[in-house]
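Subject: Structure for you to look at

Hello,

Here is the structure I promised to pass on. Please open it alongside this note; my findings follow below.

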Amino acid sequence: MQINKIELKNISHYERGSEETPCYNATVYVNGKKAIEVGNDGHGGMDRQDAWHEKGFNLKEVNDWCIKTFGKKSFTYTSDGGEKECFYDFDLEQFCHDELYKWLDSKLLKKDLKKKWLFVEDGYLMGYKKNSSHTDTNFKQFFEEKHPNEKCLNFLDFDDAIKLFKECA
């Protein structure tokens with residue numbers, strides 16, 4: 001099967017169940033079709049990955065595609081007084097966790113943007129609580145006078161806002 005695109009959809013995250021790993025359930029779509037049910041109980045350990053074999057989806061094939069497409073990633077850690085770098089394959093499980101965290105960040109930012117006017121000042125995420133007397137126009141004028149060198153996340157394209165949000169949060 002030729003794989004062109006994979007997506008994580010139908011995400012359910014259970015924060016209270018997340019101990020060692022995120023507790024979640026979701027569906028992986030391959031080329032727009034439901035392909036794999038994934039999930040984790042949140043107690044540590046690997047994700048469950050159940051392919052829809054009757055529809056022709058092969059878990060190994062999708063996992064190999066992820067490794068080939070996304071390559072190796074790395075992280076650094078400190079051990080015995082020095083920094084060390086660890087490399088790993090960006091496989092289907094890593095893809096799912098990455099997409100899960102993007103989804104959680106987007107959900108949090110959307111919630112915060114409804115309640116607050118958010119901006120970054122000196123590398124910190126700051127905000128003013130919204131109230132009914134402030135319109136976008138009123139607040140924009142106030143913000144530009146008070147913070148001429150800062151950007152209000154509420155007035156940015158969402159992709160730009162989430163990028164700034166992740167840098168500071």
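Disulfides first. This is a predicted model, and a search of the whole structure turns up zero disulfides. Why does Cys66 not form one? Its closest cysteine sulfur belongs to Cys96 and lies 7.4 Å away, too far for a bond. A disulfide needs the two sulfurs within 2.5 Å. Cys66 is buried, at a relative accessible area of 0%. Cys168 is no candidate either: its closest cysteine sulfur, in Cys152, is 13 Å off, again too far for a bond.

Next, the packing. The largest nonpolar core holds 21 residues. Ile6, Val28 and Leu92 have the most contacts inside it. Five elements are listed as giving two or more residues to this core: strands S1 (6–13), S2 (23–30) and S3 (33–41), plus helices H1 (59–70) and H2 (92–115). Another core, of 10 residues, lies apart from it. Leu109, Leu113, Val120 and Ala161 are among its members.

Val28 deserves a look. Leaving out residues up to four places away in sequence, Val28 touches Ile6, Glu7, Leu8, Lys33, Lys34, Ala35, Ile36, Val38, Leu92 and Cys96.

One more residue to check is Ser106, in helix H2. Is Ser106 buried or exposed? Ser106 counts as buried, because its relative accessibility is 19% and the cut-off for buried is under 20%. Beyond its neighbours within four places in sequence, Ser106 contacts Phe158 and Ile162.

Best wishes

Definitions and conventions. Residues numbered from 1 in each chain as written. Predicted model: local features only at pLDDT ≥ 70, side-chain atom pairs only at ≥ 80, totals over all residues. Heavy atoms only, no water. Buried < 20%, exposed > 50% of the residue type's maximum accessible area, 1.4 Å probe, protein only. Core = buried A, V, L, I, M, F, W, Y, C linked by side-chain atoms within 4.5 Å. Helix = DSSP H or I, 4+ residues; strand = E, 2+ residues; numbered from the N terminus. Contact = heavy atoms within 4.5 Å.
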